[in-house]
Amino acid sequence: MSRIEALTERLGEIPINTSEKVVLGKSRDSFWYSPILKEKLKDVSAEAIVSPYSEEELLQVLAACWALDIPVTARGGGTGNYAQAMPLAGGVVLDMRRMNAIKSIGDGVLVVEPGAVMSRIEAETRERSGQELRMHPSTRESATIGGFIAGGSGGVGSIRWGMLREPGNILRLRLATLEEEPRLIDLTGDEIAIVHHSYGVNGIITEVELPLAPAQDWVELMVAFDDWMSAARAGWALAHHEGLWLKQLAAIQAPAPHGYFARHRKFLREGDNLLCILAAPNAVRPLLELLRKDGGRVAFRSDTASDEDKKGLPPLYHLTWNHTTLQALKVDPEVTYLQVGTPPEDPMAAVAEIAQRFPDEIVGHVEFVRSAGRLYASLLPLYRYSSEARLREVVGALEAMGCGCYNPHVYTYEEGNRCGADPARLDLKRRADPKGLLNPGKMIGWEDPDYAYDPAGGYEYPGLRKAAP
Ligand SMILES: Cc1cc2nc3c(=O)[nH]c(=O)nc-3n(C[C@H](O)[C@H](O)[C@H](O)COP(=O)(O)OP(=O)(O)OC[C@H]3O[C@@H](n4cnc5c(N)ncnc54)[C@H](O)[C@@H]3O)c2cc1C
């Protein structure tokens, strides 16, 4: 009997799917945004998909996988970018989307199961309490709240509330361990940060407590500028005005807006450099007055556009964050992206230098965010890919300029986050997953606890298992 047959026997009524097509489909996420990962991981596959409905069922699955030594990789919406939800060692993909109950909506506090899709959560919190999540990724319609916490970092809302990791943005997590007798543990305070953005390697999130914010009828604004640095500088200046209640602020360089934003193209001119803004209704007039002084032209505003004009438009945040890359990929499959932190003292100097040094390879994209009391210009530029060697060269040049490049073309936590083995994450993993069965291959520190970050990269997980040819 194979280990999956043995697992099926132990799971009783809990759904397990071994159809090759389904398994292969659910073994992938948005890893293909990276041409390097696309090639490297195209054959990765689990052996089965298991879909628990409740904590009780989940604990039963985890106990069975412990007994049979089966690797377990959690999956929410599968929108993560760095192969975070891909089962490198095979085994089981845990489809968390059936664990999606909204347990309570209080005054400023939400308790929810991890598999709830974020747009559904917000529809309910808005309707029942006039509140919304503080932030969401631009994949709000398909991403789950558990996947956002385990894989994401911030997004629409981070201009006001900071990044997801900041104290107060996640209030409590409940985690299931993978042991002989799996346990449920509640984490608050510092321990939350050890689970957040850990790709599910140190426990399966089963319940989440999050803060809520007062909901607004967000106004979508596109403000166009003739040159890139005018747009970027106007965005940077705007971001500093705390009195303007913004939910989203991004600057995107020409030719991307007219070239790639197909359904908004009718509002744009060739050569437009764009600020994409979500603003509270009471912020619209003052912010437009400021941007007009900076030379901006209002290309679109949702509060005055006709129904005819708005027909068929995606939400404006579908042009921002990594959706900018998605819009570009629809038109030009040679495009990928980089993730670049700019020096906080003078980010606009870095933005200008990048535009000047890499005019044929990089198209600028700045997300303005707050973090720990400071404002940052965080870059998600489009990058015209030619080879891995050239990409390394460009990243090296950006780092020499004082920028920090978070590599979206690798699958390990350490290489992606430019860090060595993290003792706190490792310690929790040793306690919650002593056999190392949770999402194997994503944490170099598990294989090599002394791992020091090597910018040259090149780590290959030795246990990589591919689908049978
Ligand atoms: C077009 C596009 C735009 C994006 N925009 C943003 C953005 O604005 N901000 C941002 O932060 N990210 C963004 N992302 C990345 C991704 O969409 C988000 O991080 C999203 O929140 C992931 O949610 P998911 O449910 O799809 O997670 P998945 O991709 O399914 O999983 C992500 C990680 O979480 C783990 N995981 C899932 N559920 C659990 C659980 N219950 N317990 C433990 N681990 C779990 C998985 O194993 C995996 O490691 C974007 C991606 C794309 C393709």
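How many residues surround the ligand, and which are the closest? Here are a few friendly notes on that and on the fold around it.

1. The ligand is surrounded by 37 residues (a residue counts if one of its heavy atoms lies within 4 Å). A74, G76, T79, T144 and G154 are the closest. Please keep in mind that this is a predicted model, where local features need pLDDT of at least 70, side-chain atom pairs count only at pLDDT 80 or more, and totals for chains, interfaces and linings use all residues. Numbering runs from 1 along each chain as its sequence is written, and side-chain values use heavy atoms, with hydrogens and water left out.

2. Three glycines offer backbone polar contacts (pairs of N or O atoms within 3.5 Å) to ligand oxygen atoms. The distance is 2.7 Å for G76, 2.8 Å for G78 and 2.7 Å for G80. On its own the ligand has 970 Å² of accessible area (Shrake-Rupley, 1.4 Å probe), and the protein covers 97% of that.

3. Among the DSSP elements (helices are H or I runs of at least four residues, strands E runs of at least two), β3 (72-75), α6 (145-151) and β10 (204-214) give two or more residues to the shell. The top contributor is α6, with 5 residues.

4. By type, the shell holds 13 nonpolar, 23 polar and 1 charged residues, with Gly counted as polar.

5. Overall, the protein has 18 helices and 21 strands. Of its 469 residues, 57% are buried (under 20% relative accessible area, 1.4 Å probe, protein chains only). The C-alpha atoms fill a box of roughly 70 × 55 × 40 Å along the principal axes.

Note on methods. A polar contact is a pair of N or O atoms within 3.5 Å; within protein, one must be able to donate a hydrogen and the other to accept it, and residues adjacent in sequence count only if both atoms are side-chain atoms. Buried means under 20% relative accessible area, exposed over 50%, partly exposed in between (1.4 Å probe, protein chains only).
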